[in-house]
Amino acid sequence: MFKFFTTLSEEKTKNISPVTLAFVGDAVYTLYVREKLVAEHDFSTGTLQKLSSSEVSAHGQSVLLDRILPLLSEEELAIFKRGRNAKKPTRSKNATVAEYNNSTGFEALLGYLYLTGKYDRIDELLSDKNEN
């Protein structure tokens, strides 16, 4: 039976398709960005949607990835690369191929970290202290 916030073993999670990890990671990052915006601002939902869309976009994720890439462990980098290099069922309409591939790798990494219960690591990578 499924239970919310169930963690999986690293071994089991590494056997999940990188595109499936990215599917989970997309939701994780979207929730992270939305929660942060709501906690820090008192904007209308329309404004919140516009702000979150720019961060959650492939371009926005690619910009963030440039900042956190040097912080990744060898294992995290390998998961990112699996996601980046995976064959994807769709193409981006609003991003370059490189941005889309990088965002898929970024989302795969977040999906992996989330499913293995490494919430503190997600917070560490996404925190404001990693901004230039």
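In this predicted model, Ser-62 is buried, its relative accessible area being 10%. This serine belongs to helix H4. Once residues up to four places away in sequence are set aside, Ser-62 touches Glu-99 and Asn-102.

**Individual residues**

Two further residues, each located in a loop, can be set beside Ser-62. Leu-72 sits in the loop between H4 and H5, while Phe-43 occupies the loop between H2 and helix H3 (45-56). The table lists the relative accessible area of the three residues.

| Residue | Relative accessible area | Class |
|---|---|---|
| Ser-62 | 10% | buried |
| Leu-72 | 11% | buried |
| Phe-43 | 39% | partly exposed |

Leu-72 counts as buried because its relative accessibility of 11% falls under the 20% cut-off. With residues up to four places away in sequence not counted, Leu-72 touches Leu-77, Phe-80, Leu-109, Arg-121 and Leu-125. One of these partners, Leu-109, is 37 residues from Leu-72 along the chain, yet the C-alpha atoms of the two residues are separated by 9.8 Å.

Phe-43 is partly exposed at 39%, because this value lies between the limits of 20% for buried and 50% for exposed residues. Leaving aside neighbours within four places in sequence, Phe-43 is in contact with Leu-48 and Leu-51.

A backbone feature is found at Phe-5, which is placed in the segment before helix H1 (10-14). The phi angle of Phe-5 is near 65°, a positive value in a residue that is not glycine.

**Helix H7 and its surroundings**

Helix H7 spans residues 119-126, and its residues Arg-121, Ile-122, Leu-125 and Leu-126 are buried. These residues lie on the same side of H7, because the arc that they cover around the axis is only 120°. The cover over the buried residues of H7 includes helix H2 (18-40), helix H4 (58-68), helix H5 (74-85) and helix H6 (97-115). Two of the buried H7 residues, Arg-121 and Leu-125, are also among the residues touched by Leu-72.

**Packing of H6 with H7**

The axes of H6 and H7 cross at roughly 145° and come within 8 Å. The crossing in which H6 passes H7 is left-handed. On the H6 side, the residues involved are Phe-106, Leu-109, Leu-110, Leu-113 and Tyr-114; they meet Tyr-119, Arg-121, Ile-122, Leu-125 and Leu-126 of H7. Sorted by class, this contact comprises 9 nonpolar residues, no polar residues and 1 charged residue.

**Packing of H5 with H6**

H5 and H6 pack with their axes 7 Å apart, at an angle of about 130°. The two helices are therefore oblique to each other, and H5 passes H6 in a right-handed crossing. H5 contributes Glu-75, Glu-76, Ile-79, Phe-80, Gly-83 and Arg-84 to the contact, and H6 contributes Asn-101, Asn-102, Thr-104, Gly-105, Phe-106, Ala-108, Leu-109, Tyr-112 and Leu-113. By class, the contact of H5 with H6 holds 7 nonpolar, 5 polar and 3 charged residues.

Several H6 residues recur in these descriptions. Phe-106, Leu-109 and Leu-113 take part in the contact with H5 and also in the contact with H7. Leu-109 is, in addition, touched by Leu-72 of the loop between H4 and H5. Asn-102, which belongs to the H6 side of the contact with H5, is touched by Ser-62.

Technical notes:
Residues numbered from 1 in each chain as written. Predicted model: local features only at pLDDT ≥ 70, side-chain atom pairs only at ≥ 80, totals over all residues. Heavy atoms only, no water. Buried < 20%, exposed > 50% of the residue type's maximum accessible area, 1.4 Å probe, protein only. Helix = DSSP H or I, 4+ residues; strand = E, 2+ residues; numbered from the N terminus. Arc of directions from axis to C-beta. Contact = heavy atoms within 4.5 Å. Axes fitted to C-alpha atoms, helices over the stretch in contact; angles between N-to-C directions. Parallel < 35°, antiparallel > 145°, perpendicular 65-115°, else oblique. Left-handed = near helix turned anticlockwise from the far one by under 90°. Nonpolar A, V, L, I, M, F, W, Y, C, P; charged D, E, K, R; others polar.
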